[in-house]
Amino acid sequence: MLYDKKTEAEARRVMEGFCRVCRYCDGRSCAGEVPGMGGTGTGSSFFANVKSLGAVRLNMRTIHDVRDPDTTRTFLSYPLAFPAMAAPVGGVSFNMSTKSDEASYINAVVTGCRDAGTIAGTGDGEEEIIHHEACRAIAGTGGYGIPFIKPWRREEIVKKAEEARKAGARQIGIDIDASGLITLKLMGKPVFPRKRDELASLIKEIDMPVILKGIMTVDEAKAAMDAGACAIVVSNHGGRVLDATPGTAEVLPKIADVVKGRIPLLVDGGIRSGIDLFKMIALGADFALIGRPVAVAALGGGRAAVRTLMETLQQELYRTMVMTGCASLSEIDRSALV
């Protein structure tokens, strides 16, 4: 379990009507519940994330001398205790709870991750307060977080990037996979896909490192690198924007083959344990983003529960490295997989 029974019970109370806080979070009980925590349409893209990762099997190895594996890795300018961060999840009142608020939620995520030796991505959304509170939380930790901005109109992205810079953020992300969020258009806040040249021009204007989140094909990974992204995230937005996509674990290896070693490669989708994190690293990712489990921890137990969750993931990764004979993260590759 990533959180104790008390945290689980409180999260179930606080998130009532938005999330059932299932013991095994695979999206089946919340299919189609967007807004909410579910996947769009039939929920098949959410299912695919969990199912494809669950299908990966490990080679257990115990004849070796690995006793104290090193889980540390540096992401851009951040030294991390292990290669997982909180995914950018925002919009508490729309997606998570009417019994909590944006400031309490994002502060718990940002400070809890910092306490565990890692960092948090922060979300953006239809209400200005979402990005404002994210920037305030990041400023309060000395710049320890990465604000992700929706693919709004150009001037809105540039404005929000500048606010993030003033808060001490060292880089920003743009979750271009949010281009399919019809709910934003209905609320008068449309989001847009971008051509490669448009992204390149935007990144140049922002003039700070930009992570592009929402890459699911090799050609778009190449386009993101050509546009000047400092890192990319393999993501289908948690299955919340397009039905019938593959799981991220399915597309990750081919993308890793062209990206690995050039820029940091991140992935999200269906990661529920340190073993899942190990699998994503073995499939080619450098880092992973953890979404729904962090949200549940933050709303159920605040800062302390987020820290516990992230430390538990690190411990599970550590044990998995021992049991597969991997002394460092660089030794985790596809040879560890059946």
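Eight strands of this predicted model form an open sheet in the order 3-10-9-8-7-6-5-4, and the pairing is parallel; helices and strands here are DSSP runs, numbered from the N terminus, with H or I over at least four residues for a helix and E over at least two for a strand. Two strands are said to pair if DSSP finds at least two bridges between them. The edge strands are strand 3 (84-86) and strand 4 (121-122), each of which pairs on one side only. Because this is a predicted model, local features need pLDDT of at least 70 and side-chain atom pairs count only at pLDDT 80 or more, while totals for chains, interfaces and linings use all residues. Residues are numbered from 1 along each chain as its sequence is written, and side-chain values use heavy atoms, with hydrogens and water left out.

Strands of a sheet pair through backbone hydrogen bonds, either parallel or antiparallel. A walk through the sheet can begin at strand 3, which three bridges join to strand 10 (residues 287-290) in the parallel sense; here Ala-84 has Ala-288 of strand 10 as its bridge partner. Further along, strand 8 (residues 231-234) is joined by three bridges to strand 9 (residues 265-267), and the two run parallel, with Val-234 bridging to Val-267 in strand 9. Strand 8 is also joined to strand 7 (residues 210-215), with which it runs parallel, by four bridges, and the partner of Lys-213 in strand 8 is Val-233. Strand 7 in turn pairs with strand 6 in the parallel sense over four bridges, where Ile-172 meets its bridge partner Val-210 of strand 7. Strand 6 then pairs with strand 5 over two bridges, again in the parallel sense, and Phe-148 has Gly-173 of strand 6 as its bridge partner.

How are neighbouring strands connected along the chain? Strand 5, helix 6 (residues 154-166) and strand 6 make a right-handed β-α-β unit, a crossover being right-handed if, with the strands pointing away from the viewer, the path from the first strand over the helix to the second runs clockwise. Right-handed units of this kind are also made by strand 7, helix 9 (residues 218-226) and strand 8, and by strand 8, helix 10 (residues 248-259) and strand 9.

In a regular strand the side chains alternate between the two faces of the sheet. In strand 8, Ala-231 and Val-233 point one way and Ile-232 and Val-234 the other way, and all are buried, where buried means under 20% relative accessible area, exposed means over 50%, and partly exposed lies in between (1.4 Å probe, protein chains only). Strand 6 (residues 172-175) is likewise covered on both faces, since Ile-172 and Ile-174 on one side and Gly-173 and Asp-175 on the other are all buried.

Two single residues can now be looked at in turn. Is Ile-149, in strand 5 (residues 146-149), buried or exposed? Ile-149 counts as buried because its relative accessible area is 0%. Leaving aside residues up to four places away in sequence, Ile-149 touches several residues, among them Asp-124, His-131, Ile-157 and Ile-174, contact meaning heavy atoms within 4.5 Å.

Thr-71, by comparison, is found in the loop between helix 2 (44-54) and strand 1 (73-75), and Thr-71 counts as buried because its relative accessibility is 4%. A polar atom of the side chain of Thr-71 lies 2.7 Å from the backbone oxygen of Ala-81, and the side chain of Thr-71 makes a polar contact with the side chain of Gln-314 (3.1 Å). A polar contact is a pair of N or O atoms within 3.5 Å; within protein, one must be able to donate a hydrogen and the other to accept it, and residues adjacent in sequence count only if both atoms are side-chain atoms. Among the residues that Thr-71 touches, not counting those up to four places away in sequence, are Phe-82, Pro-83, Leu-317 and Leu-329.
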